[in-house]
Amino acid sequence: AEPWTFERAVEVSGVDANVLRQVAERYAKASPALVKCGWGLERNRNGGSAAAAVLALPAVAGKFGVRAGGFTMSNSASWNIERTWLEDAEPPTRAINMNKVGRVLTEPEGAPVNVLFVYNCNPVAILPDQQRVIRGFEREDLFTVVFDQVMTDSALYADVILPATTFLEHYDTARGYGPITLQLGKPVVDAIGESRSNTDVFMDLARRLDLTTDADPTDDLDAMLQMLAKLPPDVGDALREDWRAKAPHGGRPVQFVDVLPKTPDQKVNLFPKALDAQAPQGLYGYQADPATPDYPLALISPASERTISSTLGELARPDVRLDMHPDDADARGIREGDEVRMFNALGEVRIHARLTHLIKAGTVSMPKGVWRRNTANGFTSNALTPDTLADLGGGACFNDARVQVARATRVN
């Protein structure tokens, strides 16, 4: 942290120096003080180190040990539930980073992928380097099965489509991201048509491949009952009887009083050697902005009120727009509502511009989760997103897309 003076932080971030200092001083003096860390800051080349730095703040500033102090990210792990109902060891299959699917399908380094089973995902819409992903899905020798609830962009490339149930049609458990909640979901309507749940389909596949034992569940309900029996008794009984479990520590744990880190000594480890070795610049290291003179604008793709993911992309929606700061638009001769070309070395997106002071100059924004039909040329923001990986954990670098924007010209 020592090299990061206020002056350097201002230069890199573009945040006003007085604002930056006021935030730091207010945080240092406040008690309780809580840092709520989301997922957006992870989606770039420095994402892992950025999250680690944010989560280190409560330890460095002494904010633990009081109610409402410390940090919160996802609280779904607060239940300390181990998946003991999964008794078999993980099979020794190769693992492929989803963010590299396009490259793996088109430029395999090892054995090629010849069969693709897609579920709980819409790769053509949501994975980086969209054009490469599409080329992979277009391979004539690739046998593709898409198991989904709706006809997604990915399903259009499938050899076989299997209809999936929604949460209204099958059993499930749900843990909250923010509130510490654990609930049992039960079907409220019969499965529509030939749709089936994930559990049902994968159990059937296991039976047909002769991978089951007599102890394995026979159907969706049996799988749920076996899982409930393996939970801690108070949790399993509560889910059976009331459909929800009582949160540990009354749902209001005090960090470092009621709950402790899962490190061997139950203390904060601000510099794990494994993470330092994994990060290209070392843990907390900084990799410079990838912007170039040709592609100077940062493209971000946040969730919108209609698409927190691509799940609801089949619903009708207003025209998708590219948000631009008026100064950036004026420099390019772009006016409100103009059709524009947003492009870089990976591809191009045709979309209409919306000018707004709510976005910072030097940054443009297009909603994530939209489908190909939502733009004029059938490509989304991920056509411009590199398939590079974040410094820790192999995460996607959606926010590292750097682009240029120009008015579109049409040839009659």
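Contact here means heavy atoms within 4.5 Å. Keep in mind that every view below comes from a predicted model.

**View 1. M342 and its neighbours in the largest nonpolar core.** Setting aside residues up to four places away in sequence, M342 touches L299, L322, G347, E348, V349, V364, M366, L384, V403, Q404 and V405. M342 is also among the residues with the most contacts inside the largest nonpolar core, alongside L299, L322, V364, M366 and V405. That core has 35 residues. Two or more of its residues come from each of α4, β3 (115–119), α6 (130–137), β8 (297–300), β9 (321–324), β10 (339–344), β11 (347–355) and β13 (402–407). In soluble globular proteins, nonpolar side chains tend to be buried together.

**View 2. Another core, set apart from the largest one.** This one has 14 residues, including W79, M227, L231 and A247.

**View 3. S76 in its loop.** You'll find S76 between β2 (70–72) and α4 (101–106). S76 counts as buried because its relative accessibility is 18%, and the cut-off is under 20%. Its side chain makes a polar contact of 3.1 Å with the side chain of S74. Further along the sequence, S76 touches R175, G176 and Y177, with residues up to four places away left out of that list.

**View 4. The F117–F202 ring pair.** The count of aromatic pairs comes to 11. In this one, the ring centres of F117 and F202 are 5.6 Å apart and the planes sit at 50°, so the pair is tilted. F117 belongs to strand β3 and F202 to helix α7 (residues 198–208), so the pair ties together parts that are 85 residues apart in sequence. Both rings belong to partly exposed residues: F117 has a relative accessible area of 30%, and F202 has 31%. Pull in Y119 and F147 as well, and you have one aromatic cluster with F117 and F202.

**View 5. The F137–Y157 ring pair.** Here the ring centres are 6.1 Å apart with planes at 70°, so the pair is edge-to-face. F137 lies in helix α6, while Y157 is in the loop between β4 (143–148) and β5 (160–163), so the pair ties together parts that are 20 residues apart in sequence. F137 is buried, at a relative accessible area of 3%.

**View 6. Arginines over phenylalanine rings.** R341 has its charged end over the ring of F343, 4.3 Å from the ring centre. R372 does likewise with F379, its charged end sitting over the ring at 5.2 Å from the centre.

Notes: Residues numbered from 1 in each chain as written. Predicted model: local features only at pLDDT ≥ 70, side-chain atom pairs only at ≥ 80, totals over all residues. Heavy atoms only, no water. Helix = DSSP H or I, 4+ residues; strand = E, 2+ residues; numbered from the N terminus. Buried < 20%, exposed > 50% of the residue type's maximum accessible area, 1.4 Å probe, protein only. Polar contact = N/O pair within 3.5 Å; in protein donor to acceptor, adjacent residues only side chain to side chain. Core = buried A, V, L, I, M, F, W, Y, C linked by side-chain atoms within 4.5 Å. Phe/Tyr/Trp six-rings, centres within 6.5 Å; stacked < 30°, edge-to-face > 60°. Lys NZ or Arg CZ within 6 Å of the ring centre and 35° of its normal.
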